[in-house]
Amino acid sequence: MEEKTIIRADVAKNRMYIRLTGSYTVDDTIPVINRINCEVVKLKPGFGVINDIRELKKVDIKAALKIKKGTEIIQEKGAKHIIRVVGNSKFALRIFAKFANLVKNVQVNYVPTLEKAEELLEEHNL
């Protein structure tokens, strides 16, 4: 069975990869935040983030607020650019765009594919 949450730091590329799939309740977000905290310390300030949310189906409002905390942690630790891979998911775009104005000093882009996300970070030397 495939994990619904995958979070890993790529130290060589100075990037964090986050993949969220399925549905999330507030209880589901606790391991997400813990994993972000564990992985982000492996990266140097100025890192890039690829957040694959193409297969995100449902997030209750309390869970969305907790997931926003993950974005704040990433921001505080020095992320320079966050790329959200939304594919054709209008839900994923809507849920994360709601909090986009809360992200400060970090560029956020929405793209349809992982390949486009990688290209965008390469263009920004991240």
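**Note on an enclosed cavity, a hairpin and two charge–ring contacts**

1. The second largest cavity has a volume of about 100 Å³, a cavity being a set of points on a 1 Å grid over the protein atoms alone where a 1.4 Å probe fits but cannot get out, and the volume being the space filled by probe spheres set on the points, which are joined across faces, edges and corners. The closest to its centre of the 13 lining residues (those with an atom within 4 Å of a point) are I18, I36, N51, T71 and I74.

2. This is a predicted model, in which local features need pLDDT of at least 70 and side-chain atom pairs count only at pLDDT 80 or more, while totals for chains, interfaces and linings use all residues. Residues are numbered from 1 along each chain as its sequence is written, and side-chain values use heavy atoms, with hydrogens and water left out.

3. To the lining of that cavity, α2 (61-76) is among the elements giving two or more residues, and with four residues α2 supplies the largest share.

4. Strands β1 (residues 5-10) and β2 pair in the antiparallel sense over six bridges, where pairing requires at least two DSSP bridges and strands are DSSP runs (E, at least two residues). Within this hairpin, four residues separate β1 from β2, and N14 in the turn has a positive phi of about 55°.

5. The charged end of R8 sits over the ring of Y17, 4.4 Å from its centre, and K4 lies over the face of Y24, at 4.4 Å from the ring centre; the criterion is NZ of Lys or CZ of Arg within 6 Å of the ring centre and within 35 degrees of the ring normal.

How values were computed. 1 Å grid on protein atoms, 1.4 Å probe; cavity = no way out; pocket = protein on both sides within 12 Å on 5 of 7 lines; lining within 4 Å.
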